[in-house]
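Colleague: Could you take a close look at one part of this model for me? I'd like the picture for chain A, along with its contact to the neighbouring chain.

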Amino acid sequence: MKLANKLGSGLLALLMAMPVVHAAEDELVVYSGRSDKFVKPVIKAFTEATGIKVVLHSAKSTALLNKLRVEGERTEADLYLSNDAGNLQLGSEMGLFLPLPVKVTDVIDARLRAPDNSWVGLSARARVLVANTASDSGFVESVFDLADPRLKDKIAVTHSGNGSFIAGVTVYMLAEGSDKTRSWLKGVKENSGGKTFNKHSKVVKAVASGKKAVGLVNHYYIYRHLDAHPDAPIRVIVPDQGEGGMGVAWNVAGIAVSKYSKKSETAVRFVEFLVSEKGQKQFAEVNREYPARKGVAAVSVIPPADSIRAATVAMAELGKHRNATIDLLEAVGMP
Amino acid sequence: MVLKRFSFLSSVTGVVVLMAAIPLFFVVYSSFQLSSERWYGLWDTRLPDLMGNTLWLALIVALGCFILGVSSAWLIARRTFAGRTLAIWLMVLPLAIPTYVFAYIYTSMLADDGWLGKLWVTLFGSGVGIPDIYTGWGAGFILSLAGFSYVFLLVRTSLTGASLSMEEAARLHGATPLEVFMRVQLPLLRPALAAGLAVVTLHVLSDFGAVSMLQYQTFTLSIYMQMEGRLDNQGAAGLSLVLVMLSLTFLVLERFFRSRQRYFSNSRSRRFQPRRATGGELVMIWCWLGLIALFAFILPLVWVLHWSWQAWSADLIGSEFWGYTYNSLMLGVIAASATVVVGLPVALYHSRVRSWLSACYLHLSSIGFVLPGPVVALGVITFVLAQLPLLYGGLVVLLMALMVRFMPLAVQSQEAAMQQLTPSIEQAGRVLGAGPLENLWRVTLPMIRGGVITAWVLVFIDVIKELPATLILRPIGYDTLPVRIWIEASEEMLELAAPAALMLIVGTLPALWIMMRAEGRR
């Protein structure tokens, strides 16, 4: 009996001691699908500048979008931050976001934001190829070359559940058509030997070690690898730049204000900070991405944005066609 | 009077079971909204492969846990040798490591530049490929290491409690030791084995951590992709329904086989006295147990310590880290206590009343264990938002999901303890004038204390390791250790994921210690 009593009172004491975790009045809650450490510096700068605290609630972008949808008006989120334009556009189509004022969004390239201003891109990344300098990959200049029989067992790609992979394929599908993309996927499946990688960093590693000749990644993974191994034998190929080529596939990380935010004005202030020149520089720099705001330069190690021709697919399309892409991937049986 | 008491108990149980069945209602309801074309689509593209992969994985893991769990339990129960207590601990400690941490550690150790990868190349040269862990065998290996301790615990208890007479009879009739094992001991072990393997198999069916890390397509992973990749909750529910039916079939089969096998021993028969191991046996025992412990605990621990040390020396462990640890332990304590309390009436009812209703209650209460975490989370969140919106926000929703998810563990351990209770003791309490609640409080609960403690520990261990539901349902900004491991691991930050994993292991130790102490007393 003593034990039971102790257990009971102990439990009660614990429940009382439980910290009540609710966002305070003046705090903003951000559902974030972007890596913590890339968001925290800019949040710190915002708090220092305005005194407004920001609580970061991190999880997978898609899981958070699903949560936002299920929660509806009960959500505590004021903002939704995602690394994938597809998610942002899907959220917009579900009517989860509040349109942003034009003066906030018009500094951002029109292709990198929602047509109805319901979300805005913050930083852009290019889907590029990484090649081992010692391999016979001199002929590779297009993403579609990954299906070339000469690269049998020599290419490294992530598995097809990866968000960046799906977004990239969506761009190829919209730029070059489903049929070409389908046969390309079959070739990629063949050339990867049914063996894919679960992380982009492992793709770069496999290419650097010479196990594979060419890999398909977001550009910043290559520079991340070079940080740790400055003399790794790898080079960047910006694909599809030639005459008539489709251009590089882009994707953006972006942000939206929740339709049910009770602090939407404060939330808009946060977005304003993020699209300001200072905020843009900081947001993109930590991950060596391209600032989405016109006229803000990216870090100098990556090829300047104006030297790259980008595919003309608008970012908003990534959301609309994602399920079609997944259908295609499944039909091909992409691992 | 008796009837009245049971009807009160029955209604409390009914409420608990209703809560436990929320995710099932959700799954059934959402699946009904799937059109027949979409069912056909699911069947056509996925179901056969998923069914094959999932069953294949369950089979590998059951076999793996059988080999690891039974061999270690037999050696430890039947021989005394130097370091036996240490050996027992080494066989139980793997429970402290979550499957996703296991998978994460082994994928990085088996990479080209990982510890085992380098060792492999040194031993066999670079011509022989490093074993590929991204396969069914790899996932089976990981899940066996993570799960065999359940089989070990149950089989060891059964072996130490077994009476000697049947074995002696067999020996007198000229059976060889192997024959005795195969034809006497193994059949006697069947209930313990069945229970152990059932726990393991249910863990496999609902495992998300290892299969997602290893990209091995099972039901859980596919359900998750359906929910997260396509934002298709109905499709996910459809797949879940198939998984539930698969698991229930398995559970019913298991109960059926167990109920046909009942062995009774009279209490006066002599208990087995373990024999002292000879020198040669000692070496062999430690070689085998050491090998198991090396892969299941020591190697992962050393790896975690190594990277934690890196983080510590690079001054990466900030004050937030202790906050995550606090959150995890707090969540574990509260959720385990609540689950044990909530599971008590279900266990009590099923051990007192045998009817189709009580059986039904029991099976419904185990639903949470067979559904993947994300589905439980979605079911609970949908229900609370629709019916009890005031409860939303804060810890309540997460607690509910965890209770639903791990209730079967609490129910089973408590029920097992109650089965051993003679009804006459309770009747004596009643005769002496105790009311039903007083009787429960002063007679029943103290008598089943061991079972209650075991239940608490089992739930605690699973709660603090739980990832998918916690990730979705935790209150805003409430990061726990598994959440941090997930966040850092998805960015390949070994130095930051390792300290969180280490704290998780350390945090589980007191709970394991409590359980082992209770075991020892019995």
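Modeller: Quick bit of vocabulary before we start: contact here means heavy atoms within 4.5 Å. Keep in mind, too, that this is a predicted model.

With that cut-off, the contact takes 52 residues from chain A and 52 residues from chain B. Putting the two chains together buries about 4,500 Å² between them, and carbon and sulfur atoms give 59% of that area. Over on the chain B side, Arg230(B), Leu231(B) and Ile476(B) lose the most area to chain A, together making up 18% of what that side buries. As for why I quote an area at all, the size of an interface is often given as the accessible area lost when the parts come together.

Now for chain A itself. You'll find 13 helices and 10 strands in chain A. Its radius of gyration is 22 Å, close to the 20 Å that the globule rule gives for 335 residues, so chain A is as compact as a globular protein of that length. If you prefer box dimensions, the C-alpha trace of chain A spans about 70 × 60 × 40 Å along its principal axes.

Inside, 57% of the 335 residues of chain A count as buried. Looking at contacts in chain A with a separation of 6 or more, residues 24 or more positions apart account for 76% of them.

On the outside, the accessible surface of chain A comes to about 13,400 Å², with 54% belonging to carbon and sulfur atoms. Charge-wise, chain A carries 43 positive and 35 negative side chains, and the centres of those two sets lie 6 Å apart.

Terms used
Residues numbered from 1 in each chain as written. Chains lettered and ligands numbered in written order. Predicted model: local features only at pLDDT ≥ 70, side-chain atom pairs only at ≥ 80, totals over all residues. Heavy atoms only, no water. Helix = DSSP H or I, 4+ residues; strand = E, 2+ residues; numbered from the N terminus. Rg over C-alpha atoms; globule rule 2.2 N^0.38 Å. Buried < 20%, exposed > 50% of the residue type's maximum accessible area, 1.4 Å probe, protein only. Areas by Shrake-Rupley, 256 points an atom, 1.4 Å probe, with all protein chains shown as cover. Lys, Arg positive; Asp, Glu negative; His and termini not counted. Charge placed at Lys NZ, Arg CZ, Asp CG, Glu CD. Buried area = accessible area lost by both parts, 1.4 Å probe.
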